[in-house]
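Trainee: Could you take me through one part of this structure slowly? I would like a close look at the aromatic residues and what surrounds them.

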Amino acid sequence: MKTTKNTEGLGIKTGIAISILLIAYFLLMKQLNLVHIIELRFLNFFIFLGGIMYAYKSYQKPNQDMDYLPGMVLGLTTTAATVVPFAAFIFVYFSYINPNLIQVLKDNSVSRIKDHVYLTE
C-alpha cells in the first residue's frame with residue numbers, strides 16, 4: 001500500500017506542475033498574440049509528455065522495478081491532476097476573463113476550414 005500512496009502523491013505533484021506549465025504556456029501565447037495559431041497548441045502534447053516521463057523517471061529512481069498497477073495509478077493520477085486544473089482555468093478564462101477570445105478562435109477555425117476546402121477542390 002505504501003507504493004500506491006507514493007505514486008498518488010508523486011502523480012498529484014507532477015500533475016499540478018504540468019498544469020502550471022500548460023497555463024503559463026497559454027498565457028505566454030496570449031501575451032505574444034500567437035493564440036490564434038492552432039498548430040502551436042500541439043506543443044501542449046510535448047509539455048504533457050515531458051511531465052509524464054518525468055513522473056515515471058522520478059518513481060523509478062528509488063524503485064528500480066515498476067509494476068503494472070503502480071504505473072497505471074501514477075499515469076492516471078498525473079493525468080487527472082493535470083487535466084482538471086487546466087480545464088478549470090480554460091473554462092474560467094473563456095467564461096469570465098476574455099469571453100471574446102473564444103469567438104475569435106471559432107472564426108479563425110471556420111475560415112481555415114473554408115480555405116482548406118477551397119484549396120482541395
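Mentor: Happy to; we will start with the whole chain, move to the aromatic cluster and its core, and finish with a few spots elsewhere.

First, please keep in mind that this is a predicted model. The protein chain averages a pLDDT of 85, and 83% of the residues score at least 70. Helix 3, residues 68–97, has the highest confidence, at a mean of 94, while helix 4, residues 99–120, has the lowest, at 67. Where pLDDT is low, the predicted coordinates should not be read in detail. Please bear that in mind when we come to helix 4, with its mean of 67.

Now the overall layout. The protein chain has 4 helices and 0 strands, so its pattern along the sequence reads α-α-α-α. Of its 121 residues, 29% count as buried. If you take the contacts between residues at least 6 apart in sequence, 70% of them join residues at least 24 apart. The accessible surface comes to about 8,400 Å², and carbon and sulfur atoms account for 68% of that.

On to your aromatics. There are 8 aromatic pairs in the count. One of them joins Phe 26 and Phe 94 edge-to-face, with 6.2 Å centre to centre and 85° between the planes. This pair links distant parts of the chain, as Phe 26 sits in helix 1 and Phe 94 in helix 3, 68 residues apart. Are these two rings buried or exposed? Phe 26 counts as buried because its relative accessibility is 12%, and Phe 94 is buried too, with a relative accessible area of 17%; the cut-off for buried is under 20%.

For contrast, try the pair Phe 42 and Phe 45, which is stacked: the centres are 5.9 Å apart and the planes make an angle of 20°. Here Phe 42 counts as exposed because its relative accessibility is 51%, whereas Phe 45 is partly exposed at 43%.

Going back to Phe 26 and Phe 94, ring pairs link them with Phe 89 and Tyr 93 into a cluster. That cluster takes us to the largest nonpolar core, which has 14 residues; Phe 26, Val 35, Phe 89, Ile 90, Tyr 93, Phe 94 and Leu 101 touch the most other members. Helix 1 (2–31), helix 3 and helix 4 each supply at least two residues of this core, and helix 1 gives the largest share, 6 residues. In soluble globular proteins, nonpolar side chains tend to be buried together. If you then follow Phe 94 outward, leaving aside neighbours within four places in sequence, you find it in contact with Phe 26, Pro 99, Leu 101, Ile 102 and Leu 105.

Two more residues are worth a visit. Thr 77 is in helix 3 and counts as buried because its relative accessibility is 16%. The Thr 77 side chain reaches the backbone oxygen of Val 73 at 2.6 Å. Not counting residues up to four places away in sequence, Thr 77 touches Glu 8, Gly 11 and Ile 12.

Asn 33, by contrast, is exposed, with a relative accessible area of 54%. You will find Asn 33 in the loop between helix 1 and helix 2 (43–60). Its phi is near 55°, a positive value in a residue other than glycine.

Methods:
Residues are numbered from 1 along each chain as its sequence is written. This is a predicted model: local features need pLDDT of at least 70, side-chain atom pairs count only at pLDDT 80 or more; totals for chains, interfaces and linings use all residues. Side-chain values use heavy atoms; hydrogens and water are left out. Buried means under 20% relative accessible area, exposed over 50%, partly exposed in between (1.4 Å probe, protein chains only). Contact means heavy atoms within 4.5 Å. Accessible areas come from the Shrake-Rupley method with a 1.4 Å probe; for residues, only the protein chains shown count as cover. pLDDT is the predictor's confidence in each residue, from 0 to 100. A polar contact is a pair of N or O atoms within 3.5 Å; within protein, one must be able to donate a hydrogen and the other to accept it, and residues adjacent in sequence count only if both atoms are side-chain atoms. A nonpolar core is a set of buried Ala, Val, Leu, Ile, Met, Phe, Trp, Tyr and Cys residues joined through side-chain atoms within 4.5 Å. Rings of Phe, Tyr and Trp (its six-membered ring) pair if their centres lie within 6.5 Å; planes under 30 degrees apart count as stacked, over 60 as edge-to-face and the rest as tilted.
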